[in-house]
Amino acid sequence: MAIKCIDEIEIAGKRLFIRVDFNVPLTDNGEVRDDARITAALPTIRYAVEKGAKVILASHLGRPKGEVVPEMSLAPIARRLSDLLGQEVTMAPDCIGAEVSSLVEKMKEGDVLLLENLRFHPEETQNDPGFAKQLAGLADIYVNDAFGTAHRAHASVEGIAHHVKVAVCGLLMKRELEYLVNALASPEHPFVALFGGAKVSDKIGVVKNLMGKVDTILIGGGMAYTFLRAKGYEVGRSLVEDDKVPLAKGILKEAQERGVDLRLPVDHVVAEEFTPDAAYKVVTNKEIPPGWTAMDIGPQTIADFSEVIKGARTIVWNGPMGVFEVETFAKGTEELAKAIVASGAVSIVGGGDSSAALKAVGLADKITHISTGGGASLELLEGKTLPGIAVLDR
Ligand code: ADP
Ligand code: MG
């Protein structure tokens, strides 16, 4: 059953506790360095303000480990949010307690109050019921719009929902669920999954879960070398997780049995050392020299993967095809990003580095949906139930 959203309930005049993800990077002098996460929460905040709700915002910032760390105050975020909204945002001295309660009591319809860092209290990450109840006591309605933390059973994400009458998702969360759950439940075929990035262990669960849904799985990036090892190739000093080789073997076998077309790179850009200006060359699977490291997929692989992507109607992409941070080894990632956009398929991208790579080539706005939550999106794609989503009203 579909999860209830803020736009399906009556919120005028109500006190709304909105859990947002304002865990943004700050500069050395404590200013907001990148406000993408604040911007992402604006639709829900604006909606609540326009409907005349009393808007109480809560987030964590960094890892203060249950203590008050002044450098991790949300005050700079209140200032930036105020600029973005064009209205005053009151900064609370804490997230619970008498002072906060009295600030909430004074709120008028359309007012915005930002609570101080939830993680200044150890009870937040412990999902302490008493703390959750205190947070819940501030509001009539709970709204979760912090997709990036939905996989954590913390007090403001999970516990709080047990102490309110109404618990719904925000507009950002709704969009994430629409693409990461609904779209993938009934995808248009051919459905292609493209994986890359550093570690097999991060993504193996997703590969396994999507096995039953996709037509083709393409594996590049650092992940590919554990799979190539599993097929018996010598991969020099390329990234291999030795303990995952048996698992990779199992996946290759399963793909074969289920008739899933699982493709690995057929050629590589290898470097003599793992450094930006090392000597490099293009080799096939059988030619990776001992001591050399695969840094990117080669031209033949780019052509092969792009051809598959060209015919896709739905694409899920997670993880760069190579060490894209270095210009020389960014080509595989860039070319596949272009292929995804050119395919015209519904494209869903997860992972911070993959979206950074898309931004770098100016293609981010051509993707159907770029998830704002790395870990949370992976867990959803693994088919897991996230604690922060499980507690919301249906
Ligand atoms: P995302 O953030 O999109 O989920 P990951 O964090 O899993 O992606 O992986 C990104 C990292 O993987 C990048 O830092 C990139 O340099 C690295 N990477 C990609 N290909 C290779 C490779 N062949 N060898 C080593 N690292 C690689
Ligand atoms: Mg990453």
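Student: In which kind of crossing, left-handed or right-handed, does helix 10 pass helix 11?

Tutor: In this predicted model, helix 10 passes helix 11 in a right-handed crossing. The contact involves Ile302, Phe305, Ser306, Ile309 and Lys310 of helix 10, together with Lys331, Gly332, Glu335, Leu336, Ala339, Ile340 and Ser343 of helix 11. Divided by kind, the residues of this contact are six nonpolar, three polar and three charged.

Student: Why are helix 10 and helix 11 called roughly parallel to each other?

Tutor: Helix 10 (residues 299–310) and helix 11 (residues 331–343) pack at an angle of about 20°, and their axes are 9 Å apart. Angles under 35 degrees count as roughly parallel. Helix 10 and helix 11 are therefore roughly parallel to each other.

Student: What makes helix 7 and helix 9 roughly parallel?

Tutor: The axes of helix 7 (residues 200–210) and helix 9 (residues 245–258) cross at roughly 15° and come within 11 Å. The cut-off is again that angles under 35 degrees count as roughly parallel; helix 7 and helix 9 are therefore described in this way. Helix 7 passes helix 9 in a left-handed crossing.

Student: Which residues make the contact of helix 7 with helix 9?

Tutor: Helix 7 contributes Ile204, Val207 and Lys208, and helix 9 contributes Leu247, Ile251 and Glu254. Of the residues in this contact of helix 7 with helix 9, four are nonpolar, none is polar and two are charged.

Student: What makes the approach of Lys203 to ligand 1 a polar contact?

Tutor: An N or O atom in the side chain of Lys203 is 2.6 Å from an oxygen atom of ligand 1. A polar contact is a pair of N or O atoms within 3.5 Å, and the pair formed by Lys203 and ligand 1 is therefore a polar contact. A backbone N or O atom of Gly222 lies 3.2 Å from a nitrogen atom of ligand 1, and a polar backbone atom of Ala294 is 3.1 Å from a nitrogen atom of the ligand. In total, 20 residues surround ligand 1, the closest being Lys203, Gly322, Glu325, Asp353 and Ser354.

Student: Why are the phi of Lys65 and the peptide bond from His189 to Pro190 singled out?

Tutor: Most residues other than glycine have a negative phi, and most peptide bonds are trans. Lys65 is not a glycine, yet has a positive phi of about 55°; this residue is in the loop between strand 2 (54–58) and helix 2 (75–85). The peptide bond from His189 to Pro190 is cis, with omega near -5°. Pro190 is placed in the loop between helix 6 (171–185) and strand 7 (191–195).

Definitions and conventions
Residues are numbered from 1 along each chain as its sequence is written. Chains are lettered from A and ligands numbered from 1 in the order in which they are written. This is a predicted model: local features need pLDDT of at least 70, side-chain atom pairs count only at pLDDT 80 or more; totals for chains, interfaces and linings use all residues. Side-chain values use heavy atoms; hydrogens and water are left out. Axes are lines fitted to C-alpha atoms, for helices over the stretch in contact, and angles run from 0 to 180 degrees between N-to-C directions. Helices (H or I, at least four residues) and strands (E, at least two) are DSSP runs, numbered from the N terminus. Angles under 35 degrees count as roughly parallel, over 145 as roughly antiparallel, 65 to 115 as roughly perpendicular and the rest as oblique. A crossing is left-handed if the near helix is turned anticlockwise from the far one by less than a right angle, and right-handed if clockwise. Contact means heavy atoms within 4.5 Å. Ala, Val, Leu, Ile, Met, Phe, Trp, Tyr, Cys and Pro count as nonpolar, Asp, Glu, Lys and Arg as charged, and the others, Gly among them, as polar. A residue is near a molecule or strand if one of its heavy atoms lies within 4 Å of it. A polar contact is a pair of N or O atoms within 3.5 Å; within protein, one must be able to donate a hydrogen and the other to accept it, and residues adjacent in sequence count only if both atoms are side-chain atoms.
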